[in-house]
Amino acid sequence: MTREEALDWIQQVDGRLYQNPKKTNEHDEWVAVIQTPPAIRRRGKVIIGIGNTLQQATTIAEQEWNDLFDELSGIH
């Protein structure tokens, strides 16, 4: 996933990205936070992806997002 793709996906799902202002090593630490929409009889869930780069944090969050929706698709 490129930086642009990561930013586009975060925007599509109305997510937020946060960067650790205190760099503990040569890598910036990023957090992607996304809330899934509620489903019938289910509350929305908060997904948090943590990574050394914006792309890594977003990829982790996107994978969990996809896993949750795959699970919901199997229920319906």
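**Core, sheet and an exposed nonpolar patch**

Good morning. The largest nonpolar core has 13 residues, and those touching the most other members are Trp 9, Ala 32, Ile 34, Ile 47, Ala 61 and Trp 65. At least two residues of this core come from each of helix H1, residues 3-12, strand S2 and helix H2, residues 54-75. The greatest contribution is that of H2, with five residues. I should state at once that this is a predicted model.

As general background, nonpolar side chains in soluble globular proteins tend to be buried together. With that in mind, I turn to the sheet.

The sheet is open and consists of three strands in the order S1-S2-S3, with antiparallel pairing. Strand S1, residues 16-19, and S3 are the edge strands; each has a single partner strand, so one side of each lacks a neighbour in the sheet. From one strand to the next, the twist averages 20°.

Let me consider the pairing of S2 with S3. S2 covers residues 30-35, and six bridges join it to S3 in the antiparallel sense. Within this pairing, Val 31 has Ile 50 of S3 as its bridge partner, and Val 33 stands opposite Ile 48 in S3.

Which residues of S3 form its covered face, and which its uncovered one? Ile 47, Gly 49 and Gly 51 make up the covered face, whereas Val 46, Ile 48 and Ile 50 make up the uncovered one. The general rule is that side chains in a regular strand alternate between the two faces of the sheet. On the covered face, Ile 47 is also one of the core residues that touch the most other members.

The uncovered face deserves attention in its own right. Val 46, Ile 48 and Ile 50 make a nonpolar surface patch of about 300 Å². Val 46 belongs to strand S3, which spans residues 46-51. Is Val 46 buried or exposed? Because its relative accessible area is 52% and the cut-off for exposed is over 50%, Val 46 counts as exposed. Its patch partners Ile 48 and Ile 50 are the residues already named opposite Val 33 and as bridge partner of Val 31, respectively.

A final remark concerns the backbone at Asp 14. This residue lies in the loop between helix H1 and S1. Its phi is near 60°, a positive value in a residue other than glycine. Asp 14 is exposed as well, with a relative accessible area of 55%.

Thank you for your attention.

Definitions and conventions: Residues are numbered from 1 along each chain as its sequence is written. This is a predicted model: local features need pLDDT of at least 70, side-chain atom pairs count only at pLDDT 80 or more; totals for chains, interfaces and linings use all residues. Side-chain values use heavy atoms; hydrogens and water are left out. Patches are made of residues with over 30% relative accessible area and no salt bridge: like charges are joined within 9 Å, nonpolar side chains (Val, Leu, Ile, Met, Phe, Trp, Tyr) within 5 Å. Accessible areas come from the Shrake-Rupley method with a 1.4 Å probe; for residues, only the protein chains shown count as cover. A salt bridge is a side-chain nitrogen of Lys or Arg within 4 Å of a carboxyl oxygen of Asp or Glu. Helices (H or I, at least four residues) and strands (E, at least two) are DSSP runs, numbered from the N terminus. Buried means under 20% relative accessible area, exposed over 50%, partly exposed in between (1.4 Å probe, protein chains only). Two strands pair if DSSP finds at least two bridges between them. Axes are lines fitted to C-alpha atoms, for helices over the stretch in contact, and angles run from 0 to 180 degrees between N-to-C directions. A nonpolar core is a set of buried Ala, Val, Leu, Ile, Met, Phe, Trp, Tyr and Cys residues joined through side-chain atoms within 4.5 Å.
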